Amino acid sequence: MVKLIIRPIAEVVSEDAIERRMREYVEEILRGAKPIAEGLYLIEPPVPRATPSMLSLDCPVKAIIKLRIGEVTNMDGIRALARGRAVHDLYQDWFRAVNPRVHVEVESGIEALDTAGRTDILYMREVDGEERWGLIELKSVWSLSEDRERRYTRQVMAYVIMLREAGIDVREAYLVTMRDVKALPLKTLERELNGIIKELKALETLEWPMKPPNLRLCYKCEVRGVCMTYSNYKSHGRDPAPTM
Ligand code: SF4
C-alpha cells in the first residue's frame with residue numbers, strides 16, 4: 001500500500017513564498033484585464049457552460065455574471081485570485097515532492113456530462129494491489145464554515161460524478177484549506193448529491209432573480225456594479241446596500 005501524505009496548506013507553504021508568487025500573478029492578471037467600470041475589471045470572457053467551480057460561489061447570481069458577462073472583479077478580488085493561484089502552485093509542488101510513489105495530475109481538465117472542469121489534484125495510488133484514485137480540492141481560506149464546506153463539497157461531488165462518467169472511479173476525496181484537511185464521505189455524499197450535475201446545468205438557464213438571494217452578501221460584493229439583480233432591487237428603492 002502506498003501511503004498518502006496530505007497536510008493543511010499553512011503547514012507546508014510559507015506566507016513569504018505565497019506573497020512572492022502572488023505578486024507575479026497580480027501583474028499577469030492585470031496585463032490581460034479590461035477596465036469596465038469604476039474600479040472593476042473584466043479578467044475572463046464569459047464561459048459557454050456552467051462549471052463545477054460555480055457550485056462553490058456564495059451567491060448563485062455570480063454564476064449568471066460569469067456565464068453572461070465574464071469574470072468581473074475589483075483589485076481586492078484580483079489579489080484574492082492571485083493568492084489562490086499562488087497557493088495552488090506551491091501546494092501542488094509540495095504534494096508531488098512528498099508523494100513520489102503516487103501518480104499525480106494537477107489542474108487536470110475533465111469533459112463529461114456536457115460540462116467541463118479542472119481538478120486541483122487528481123492522484124492514483126496502489127492500495128492492496130489495486131489502483132485507487134482520489135482527488136484534492138484546495139481552498140486558500142483559513143476557516144471552513146458549515147456554508148463553505150457545503151458549497152465546496154458540492155463542487156467536489158460534481159467532479160467525482162464527471163470523472164466516473166469519464167471512466168475514473170474516485171474512491172477518496174479531501175478538502176484542504178489553510179488550516180484543515182477534511183476527508184469527504186463519498187458514499188453518503190453520492191446518495192445525497194446524485195442530482196448535482198442537473199443543478200449545475202440549471203445555472204445556464206437561470207434568469208436574473210428579482211431579489212438578491214442573500215442581501216447581506218451584496219453589501220460587500222465585488223460584482224455589485226454589474227449585477228442586474230442588485231441594480232433592479234436598488235432601483236425599486238428596496239433597502240439599498242451602502243456604497244463602498
Ligand atoms: S450583488 Fe448581491 S445578488 Fe448580485 S452577485 Fe453580488 S451578492 Fe449576488
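Here is a short chat about how a few labels on this predicted model are earned.

Me: What should I know about the model before we start?
Reply: It's predicted, so local features need pLDDT of at least 70 and side-chain atom pairs count only at pLDDT 80 or more, while totals for chains, interfaces and linings use all residues. Residues are numbered from 1 along each chain as its sequence is written.

Me: What makes α5 a helix with its own number?
Reply: Helices are DSSP runs of H or I with at least four residues, strands are E runs of at least two, and both are numbered from the N terminus. α5 covers residues 146–165 and has 20 residues, so α5 passes the cut-off of at least four.

Me: How do you know what span to expect for α5?
Reply: The expected span is 1.5 Å times one less than the number of residues. For α5 that is 28 Å, and the helix reaches 29 Å from its first C-alpha to its last, which is close.

Me: Why are residues such as Tyr152 and Leu163 in α5 called buried?
Reply: Buried means 20 or more other C-beta atoms (placed from the backbone) within 10 Å of the residue's own; 12 or fewer is exposed, and in between is partly exposed. Tyr152 and Leu163 are both listed as buried, and Val156 is too, so each has 20 or more such atoms around it. The cover over the buried residues of α5 includes β4, β5, β6, β7, α6 and α7.

Me: How do you know that β6 and β7 pair?
Reply: Two strands pair if DSSP finds at least two bridges between them. β6 and β7 are joined by six bridges and run parallel, so they qualify. One bridge links isoleucine 136 to tyrosine 174 in β7.

Me: Why are β4 and β8 called edges?
Reply: Their open sheet has the order β4-β5-β6-β7-β8, with mixed pairing. β4 and β8 each have a single partner strand, so one side of each is left without a neighbour in the sheet.

Me: What makes β1 and β2 a pair?
Reply: They share three bridges in the antiparallel sense, so they meet the cut-off of at least two. Lysine 34 stands opposite leucine 42 in β2.

Me: Why does the shell around the ligand have nine nonpolar residues?
Reply: Ala, Val, Leu, Ile, Met, Phe, Trp, Tyr, Cys and Pro count as nonpolar, Asp, Glu, Lys and Arg as charged, and the others, Gly among them, as polar. The surrounding residues include Cys59, Val61 and Pro212, so these three go in the nonpolar class. The shell also has one polar and two charged residues.

How values were computed: Two residues are in contact if their C-beta atoms, placed from the backbone, lie within 7 Å. Axes are lines fitted to C-alpha atoms, for helices over the stretch in contact, and angles run from 0 to 180 degrees between N-to-C directions. A residue is near a molecule or strand if its C-beta atom, placed from the backbone, lies within 6 Å of it.
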